[in-house]
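Here are a few exercises to work through with the model open in your viewer. Try each one before you read the solution.

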Amino acid sequence: MLFSVFRSLLYGQSVDIWAVFAQVLSILFVIFCILPLHEFAHGWVAYKLGDPTAKLERRLTMNPLASVDPMGSLALLLFGFGWAKPVPVDSRYFKKPKRDLAITALAGPVSNLLAALVGAFIVVAIQVFAPYNGVTMFFFNMMYYYVVVNISLAAFNLIPVPPLDGSRIIGAFLSDRALATYYRYQNIFVMVLFVMMISGAFSGPLYTVQNFFARIIFQIAQFPFHLAGAL
């Protein structure tokens, strides 16, 4: 995100200030509203599956002060992916720990995809109904970036590397022995992932997943407008 803007400026390329401003506003909205939603989704699903930990620790809330992580927020502003303070989950409360932990983990990325879908409806509505002018383009860019960031967060969190949600999802399909080995080397996995993200080696696969989600989300968002004959 902003890292690409700084890189463009470094190489003497032009930058659309208003587009950057729209981008920053959309990311700030995600930081203070959607990241708390992501963590709330984890805690709420865990609670429904029998784990009261998040509720007892007062983390079953949409209050951003309980969820915002400074480094995770900075990473989101710079690179388009980040994290919040994780909601505590105790799998000992679950009837089927592996399965229920995977469902709890999946709730976070699903919340981001649903948030992206709401944004996609707004983007399509702007395209169909709003007059073309500077104000319209500003809000269009802001909502479009909002959709992109949510999809990026969902795709990033689905990476099967601890402590990301994908590691808990894939854990449901591993034996206890394999899972123990998997977590024993989690620091190595994190380092490899970090190097790949910084070097750009992981951008291709991540972009493929993001593009897949984006196509589906915008197709769903466009569907009612097609039915109404507006598209």
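**Exercise 1.** Leaving aside its neighbours within four places in sequence, which residues is I151 in contact with?

*Solution.* Keep in mind that this is a predicted model. Skip anything within four places of I151 in sequence, and you're left with contacts to A116, Q210, F213, A214 and I217. Next, put I151 in its setting: the largest nonpolar core has 28 residues, and I151 is one of those touching the most other members, along with V30, L76, Y146 and V147. Then look at the helices behind that core: α2 (17–48), α4 (70–79), α5 (97–129), α6 (134–157) and α10 (203–227) each chip in at least two residues. Finally, there's a second, separate core of 8 residues, with A155, I159, V161 and L164 among them.

**Exercise 2.** Find the salt bridge that K98 makes, and say which parts it ties together.

*Solution.* Start with the partner: K98 meets D176, at 2.9 Å from N to O. Now place the two ends: K98 sits in helix α5 and D176 in helix α8 (residues 176–184), so the pair links parts 78 residues apart in sequence. Then check accessibility: K98 is partly exposed at 27%, while D176 is exposed at 57%.

**Exercise 3.** Is D90 buried or exposed, and what about its salt-bridge partner?

*Solution.* D90 pairs with R92, the closest N and O atoms being 2.8 Å apart. Buried means under 20% relative accessible area, so D90, at 16%, counts as buried. R92, at 73%, counts as exposed.

**Exercise 4.** How does D100 pair up with R99?

*Solution.* They form a salt bridge, with the closest N and O atoms 2.7 Å apart. D100 is buried at 1% relative accessibility, and R99 is partly exposed at 41%. The whole structure has 3 salt bridges.

Key. Residues numbered from 1 in each chain as written. Predicted model: local features only at pLDDT ≥ 70, side-chain atom pairs only at ≥ 80, totals over all residues. Heavy atoms only, no water. Core = buried A, V, L, I, M, F, W, Y, C linked by side-chain atoms within 4.5 Å. Buried < 20%, exposed > 50% of the residue type's maximum accessible area, 1.4 Å probe, protein only. Helix = DSSP H or I, 4+ residues; strand = E, 2+ residues; numbered from the N terminus. Contact = heavy atoms within 4.5 Å. Salt bridge = Lys/Arg side-chain N within 4 Å of Asp/Glu carboxyl O.
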